[in-house]
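This report concerns a model with two chains and the contact between them. Please view the sequence and structure before reading on.

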Amino acid sequence: MPALAVQQLTKTYKGGFQALKGIDLSVEEGDFFALLGPNGAGKSTFIGIIASLVNKTGGQVEVFGHDLDHDPEAVKSCIGLVPQEFNFNLFLPVFEVVLNQAGYYGIPRREAKVRAERYLRQLDLWDRRDTEMRKLSGGLKRRLMIARALVHQPRLLILDEPTAGVDIEIRRSMWSFLRDLNAGGTTIILTTHYLEEAESLCRQIAIINQGRIAERSSVADLLGKLHTETFVLNLRGRVPAALPELSGFTLNYLDDCTLEVEMNRDHTINGLFAALSHSGIEVLSLRNKQNRLERLFLEMVDRRAVAAGGAA
Amino acid sequence: MKRLMRSGPRYWITFQTIFTKEILRFTRIWVQTILPSVITTTLYFVIFGRLIGDRIGTMGGFDYLDFIVPGLVLMGVITNSYSNVVSSFYSSKFSRYIEELLISPAPNWVILAGYVAGGVARGLVVGAAVMLVAMLFTDIRIHSFGVMLLVCLLTATLFSLGGFINAIYANSFDDISIIPTFVLTPLTYLGGVFYSIELLPDFWQGVSLANPLLYMVNAFRYGLLGISDIPLGIAFGMTLIFILVLGAFSLILLRRGVGIKT
């Protein structure tokens with residue numbers, strides 16, 4: 001049974017804007033799933049409908065076999081939501097925010113206290129349990145939203161850009177926490193603008209663009225579609241005036257000591273280094289020019305835009 | 001019914017959570033929520049009761065000060081039950097923490113009951129506080145405590161529902177003060193708080209009968225003093241009808257997600 005099965009989901013807002021144009025999507029139980037898309041693509045509307053914050057116009061949503069129209073209480077019981085924007089009562093202390101959320105799900109107070117303590121400790125918030133929300137930093141608020149979403153132990157956790165605006169250290173610790181959670185059996189759907197995050201965490205991916213699913217595959221398969229990869233090389237000494245011609249590699253001059261190399265996937269970095277050494281070029285360091293997923297993402301979104309322009 | 005039996009304990013916990021949250025909210029800020037009504041009513045007692053009231057004499061067979069006590073107590077109940085729900089629910093919309101409830105499996109009627117119970121609680125607390133102040137100025141003997149309590153409960157329920165509907169439609173903090181200022185206050189003052197409608201010409205007596213607050217003020221006056229311009233049965237009947245209509249309307253709004261879902 002899929003954790004989430006969506007068929008022909010549509011949403012048209014007042015005023016006629018069509019945010020979703022017939023989404024079909026299935027997420028398997030236990031998956032770590034990335035939902036990507038540019039701003040305004042329909043990601044938050046999609047999540048809002050599943051979480052009962054947005055009324056759908058048409059289509060069907062099932063969560064672990066429960067239909068959203070016929071059994072919304074069962075659907076809601078299965079889902080934990082970490083929204084994109086902070087939605088707290090800023091004058092409540094941290095512990096009370098989590099306890100209240102447990103109460104809304106009908107969890108007895110004694111059990112709620114045990115769970116709240118467990119998740120606040122796991123997310124390094126226990127020492128702040130008596131602090132009012134308005135006194136927390138953005139990163140701590142993001143972590144609290146995760147604790148709050150987990151207190152009823154949902155089978156499906158949906159995170160809408162959970163690491164937006166948090167520093168690298170907190171982001172890495174949140175990644176580690178989410179990996180452990182997924183390993184424990186919780187299905188996770190994640191939207192993010194940090195494509196490195198999706199590549200690092202998720203196994204399956206869907207790209208949503210202009211209210212439609214533009215791509216749906218595993219992260220590994222998607223990355224396999226990249227034919228070339230681009231590296232930036234820092235060199236010892238100056239770049240030769242006449243760049244050597246290397247079969248399978250395209251070399252571009254960036255500045256006196258920096259070279260950009262585009263490499264076909266059927267060639268190896270060993271081959272590149274051997275060819276450069278043969279030409280007397282010594283490499284000090286190298287880095288990817290662009291995140292691989294980001295590049296694919298941009299290519300796909302561009303293709304859709306061109307297709308839409310052509311159709312018009 | 002099966003669902004209610006199965007989920008009843010869960011619903012009860014949800015209700016308790018909302019209710020407790022509301023009680024804590026208005027007691028934490030008691031200087032803003034409870035004290036103002038007590039001070040205002042004390043001033044009414046001093047000015048209208050002692051200073052002006054002594055010159056008015058009696059009304060309905062009672063000292064003027066005694067006559068206005070029921071209306072002033074009920075005024076506190078009405079304004080506080082209304083403003084508790086309207087400000088609390090609108091704040092939860094404005095800061096978006098209403099989403100905590102909307103994503104939970106709490107049924108709409110439990111959400112509504114929790115907020116209304118919070119409004120009723122504040123109305124009763126303020127009503128009791130005003131009554132204690134009244135006891136300092138008068139030596140009223142309560143005619144029927146049961147009627148008094150029932151009127152307070154029904155009135156607070158009705159105006160909590162009114163506050164809830166106001167909050168659903170409100171788009172700004174200005175919108176939550178329009179109804180209390182331009183509708184509630186005039187209706188309260190014209191609902192027989194400070195006078196008996198027998199003093200009015202026939203035409204205006206007829207007009208006054210269209211004011212729902214008249215029924216509640218008079219029913220409460222009966223509970224406290226044993227006199228009323230309106231038969232008690234009609235007063236209770238009218239209040240119950242208003243509660244049922246506003247309650248049903250609130251549930252329809254919640255079901256459609258008016259003002260809280262896109």
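The text below treats chain A, then helix H1 of chain B, and lastly the contact between the chains.

The model is predicted. Chain A contains ten helices and 14 strands. Its C-alpha trace spans about 75 × 50 × 35 Å along the principal axes. Of the 312 residues in chain A, 38% are buried. Among contacts in chain A with a separation of 6 or more, 69% join residues that are 24 or more positions apart.

In chain B, helix H1 covers residues 2-28, a run of 27 residues. From first to last C-alpha, H1(B) reaches 39 Å, close to the 39 Å expected at 1.5 Å a residue. A bend of about 60° occurs in H1(B) at Gly8(B), and Pro9(B) follows within four residues.

Which residues of H1(B) are buried? They are Arg10(B), Ile13(B), Thr14(B), Thr17(B), Ile18(B), Lys21(B), Glu22(B) and Phe26(B). These buried residues pack against elements of both chains, as tabulated here.

| Chain | Helix packed against by the buried residues of H1(B) | Residues |
|---|---|---|
| A | H3 | 94-104 |
| B | H2 | 30-33 |
| B | H4 | 64-94 |
| B | H6 | 108-137 |

The contact between the chains takes 24 residues from chain A and 21 residues from chain B. On the side of chain B that touches chain A, the elements giving two or more residues are H1 and helix H5 (98-102) of chain B. H1(B) gives the most to that side, with seven residues. By class, this side of chain B has eight nonpolar, seven polar and six charged residues.

How values were computed:
Residues are numbered from 1 along each chain as its sequence is written. Chains are lettered from A and ligands numbered from 1 in the order in which they are written. This is a predicted model: local features need pLDDT of at least 70, side-chain atom pairs count only at pLDDT 80 or more; totals for chains, interfaces and linings use all residues. A residue is buried if 20 or more other C-beta atoms lie within 10 Å of its own, exposed if 12 or fewer, and partly exposed in between; C-beta atoms are placed from the backbone. Two residues are in contact if their C-beta atoms, placed from the backbone, lie within 7 Å. The expected span of a helix is 1.5 Å times one less than its number of residues. The bend at a residue is the angle between axes fitted to the seven residues ending there and the seven starting there. Ala, Val, Leu, Ile, Met, Phe, Trp, Tyr, Cys and Pro count as nonpolar, Asp, Glu, Lys and Arg as charged, and the others, Gly among them, as polar.
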